[in-house]
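Student: I am new to this structure and would like a close look at a single part of it. Could you take me through one strand and its partners, and then add a word on a pair of helices?

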Amino acid sequence: MTSDIQLSTAELTAGPIDYIDTGGDGPTVVLLHGVLMTHTVWNRVIAELAPRFRCIAPTLPLGAHRQPMRPGADLSIDGIALLVAELLERLELGEVTLIMNDWGGPQLLVDHGRTERISRLVLVACEAFDNFPPGVPGRRLAKLAATPGGFGLQSLLVRSAGVRRSVAAALAKHPVPGEMLRDWFEPFIRDRQVRQDLRSYCLSVPLDSGRNWSAGLASFDKPALVVWAPEDQMMPPEHGRMLTDLLPDGRLVEIVDSYTVVPLDQPQQLADALRAFITNTARRLR
C-alpha cells in the first residue's frame, strides 16, 4: 500500500522534509525513524494500520534524507526534535500518537514543553537514559563524526553491499532487503552536505555526557506505550522496564525475535500492539 503513496514535502525552517501521508479521518499516528534510515522502515506497519488510522511518516535529516538542510540550520538533537514539533504544526495535526524507533530524540519534546499536539507517546526500542549514542554502533558513528574525514571514509566503505549488511545486522535480527539498504545509504554516499547534516547531529550528542536524556518523561502524564525487544543488542533490556516505571501512565509490551528495528523484524506484532494501545486509551479517555 505505501508504495502507492506519493512523497510530499514540507518546507520547514531548517529545510525541506519529505513525508508520506496515508490520509483518512482516523486517529493520526506519526512514525519516526532512526539514523541512516528513511520513513520506509515503517512500510509494513503502515500497511497494517492505514485502514483504520491516518499514518504520517517523515524522513528526518539523519543521514538518509534526499535534500540537504539549509546552511546554519539547527541540526542538534534538540533542533531536530523541535523540527518534529514544527512539522506537526505545519500539517495542522492534533491528538497525535507520536511513535519513535531507534532514535530517541523526540522524547526531548517533553523537556521543551512541545507536547500540545501529542495525545500519546510510543517509544519503540529507542535511545533512553544514558544510552545516547546507543551501544557500540552508535559510539562508533559518533567517533567517526568527530574524526576529520571520518564520514568521507565511511561513505566509501558503505558502497559495499557487504558492509551495509554488516551495519544492518546490529539493528535488525532478520536480513534487511538490499534494495532498502541501498536507498538508505545512497544520500550519505553521494552528497557531502547530507554527511555534514548528520555530522552536525552526531556532534550534538557527546560521548559520555553523563546526561539522563529521559528524565523529562516523568512529567508526561498522557498515555504512553513502551515497546521493547529483550534480545536487542543496542538498547538495554532493562531500559524498557525503567521507561515504563518513569512514565506516569506508561505500559510495557515486549516483542521477542527482534532487535532494535522492530518495524522490520516484527511488523505484525508491533502493529497489533499499537492498534490495541490507541483503541484502548481512546475508550478510557472518552
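Tutor: What follows looks at one strand with its neighbours and then turns to two helices. Please keep in mind that this is a predicted model. The strand to begin with is S2, which spans residues 15–21, and S2 is mostly covered, since six of its seven residues are buried.

On one side of the pairing, S2 is joined to strand S1, residues 8–12, by five bridges, and the two strands run antiparallel. The link along the chain is a hairpin, which leads from S1 to S2 through two residues. To find this pairing in the model, you can look for Thr9, which stands opposite Asp18 in S2.

S2 also pairs with strand S4, residues 54–59, through four bridges, and here too the strands run antiparallel. A residue pair to look for in this case is Tyr19 and its bridge partner in S4, Pro58.

Turning to the helices, the axes of H7 (residues 178–190) and H8 (residues 192–203) come within 5 Å of each other and cross at roughly 105°. Because angles from 65 to 115 degrees count as roughly perpendicular, H7 is described as roughly perpendicular to H8. By class, the contact of H7 with H8 holds five nonpolar and three charged residues, with no polar ones. On the H7 side the residues are Pro187, Phe188, Ile189 and Arg190, and these meet Arg192, Val194, Arg195 and Leu198 in H8.

Key:
Residues numbered from 1 in each chain as written. Predicted model: local features only at pLDDT ≥ 70, side-chain atom pairs only at ≥ 80, totals over all residues. Heavy atoms only, no water. Buried < 20%, exposed > 50% of the residue type's maximum accessible area, 1.4 Å probe, protein only. Pairing = 2+ DSSP bridges. Axes fitted to C-alpha atoms, helices over the stretch in contact; angles between N-to-C directions. Parallel < 35°, antiparallel > 145°, perpendicular 65-115°, else oblique. Contact = heavy atoms within 4.5 Å. Nonpolar A, V, L, I, M, F, W, Y, C, P; charged D, E, K, R; others polar.
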